[in-house]
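Visitor: Hi, I've got a protein open on my screen and could use a hand finding my way around. Can we go through it together?
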Amino acid sequence: MPRSLKSERMRRAIAIGFATFALFLLAMPATPSFAQASGHVQVTFVKAGLLVGGGTGSGVLNYRGRNYPFKISGLSVGITAGATIGRFDGRASGIRDVGDFVGTYSSVGGGFALVGGVNGVHLRNEKGVTIVLQGPKAGLELASNISTITIAWK
């Protein structure tokens, strides 16, 4: 009988230990996910140039239910002639932390606008964030160039 009592106490101690461990896990605060998420991006960009082009604009990143206003500036080298204003809408993907969104992006592309047109751009930064934008633009432009775009928080 003493041996049975000892093994019963051992089983209870193990059960209490498991129950305590389970309660400890349930009581731990939830940590944010480190999974990549995408965000919705809206940008207004004014661009002008002759051989070398430059532009500036602003936008909003909607990421995980919050809006993050940002400013954008860029420089392009290649065949550029004219001036346009564009309103772009798209997605930013590969974001692990909202801070990954800001930085320097590169793009190779081109476009044409005569009074109005449609433009698309595919950007990627050093942190692996990719932005794909498209939308209407107005003005007069012929462009085929390599661009560097910088995004910073407002």
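Guide: Sure, let's begin with the aromatics: Tyr68, Phe70, Phe101, Tyr105 and Trp153 form one cluster. Keep in mind that this is a predicted model.

Visitor: How many aromatic pairs are there in the whole structure?

Guide: A search of the whole structure turns up four. In one of them, the rings of phenylalanine 70 and phenylalanine 101 have their centres 5.1 Å apart and their planes at 65°, so that pair is edge-to-face. The cut-off for that label is planes over 60 degrees apart.

Visitor: Why give both a distance and an angle?

Guide: Because a pair of aromatic rings is described by the distance of the centres and the angle of the planes.

Visitor: OK, and which parts does that Phe pair tie together?

Guide: Phenylalanine 70 lies in strand β2, while phenylalanine 101 lies in the loop between β2 and β3, so the pair ties together parts that are 31 residues apart in sequence.

Visitor: Is phenylalanine 70 buried or exposed?

Guide: Phenylalanine 70 is buried, at 0% relative accessibility. Phenylalanine 101 counts as buried too, with 0% relative accessibility.

Visitor: Let me zoom out. What helices and strands does the protein have?

Guide: There is one helix, and there are four strands. Going from the N terminus, the order is α-β-β-β-β.

Visitor: And how much of the protein is buried?

Guide: Of the 154 residues, 32% are buried. As for the outside, the accessible surface comes to about 9,800 Å², and carbon and sulfur atoms account for 66% of that.

Visitor: What about contacts between residues that are 24 or more positions apart?

Guide: They make up 70% of the contacts with a separation of 6 or more. For a pair of positions to look at, try leucine 140 and alanine 81: they are 59 residues apart along the chain, and their C-alpha atoms are separated by 8.1 Å.

Visitor: Where is leucine 140, then?

Guide: Leucine 140 is in strand β4. With a relative accessible area of 52%, leucine 140 is exposed; the cut-off for exposed is over 50%.

Visitor: Which residues form a nonpolar patch on the surface?

Guide: Look for Val52, Leu75 and Val77, which together have about 270 Å² of accessible area. Valine 77 sits in strand β2, which covers residues 66-95. Valine 77 is exposed, at 51% relative accessible area.

Visitor: New topic: threonine 130. Where is it found?

Guide: Threonine 130 is in strand β4, which runs over residues 130-153. Threonine 130 is buried, because its relative accessible area is 11% and buried means under 20%.

Visitor: What is threonine 130 in contact with?

Guide: Setting aside neighbours within four places in sequence, threonine 130 is in contact with Arg91, Ala92, Ser93, His122, Leu123 and Arg124. With arginine 124 there's also a polar contact of 3.1 Å between the two side chains.

Visitor: Last one: what is the phi of arginine 64?

Guide: Phi there is near 50°, a positive value in a residue other than glycine. Most residues other than glycine have a negative phi.

Visitor: Where does arginine 64 sit?

Guide: Arginine 64 is in the loop between β1 and β2, with β1 covering 37-63. Arginine 64 counts as partly exposed, at 47% relative accessibility.

How values were computed: Residues numbered from 1 in each chain as written. Predicted model: local features only at pLDDT ≥ 70, side-chain atom pairs only at ≥ 80, totals over all residues. Heavy atoms only, no water. Patch = residues over 30% accessible without salt bridge, like charges linked within 9 Å, V, L, I, M, F, W, Y side chains within 5 Å. Areas by Shrake-Rupley, 256 points an atom, 1.4 Å probe, with all protein chains shown as cover. Salt bridge = Lys/Arg side-chain N within 4 Å of Asp/Glu carboxyl O. Helix = DSSP H or I, 4+ residues; strand = E, 2+ residues; numbered from the N terminus. Buried < 20%, exposed > 50% of the residue type's maximum accessible area, 1.4 Å probe, protein only. Polar contact = N/O pair within 3.5 Å; in protein donor to acceptor, adjacent residues only side chain to side chain. Contact = heavy atoms within 4.5 Å. Phe/Tyr/Trp six-rings, centres within 6.5 Å; stacked < 30°, edge-to-face > 60°.
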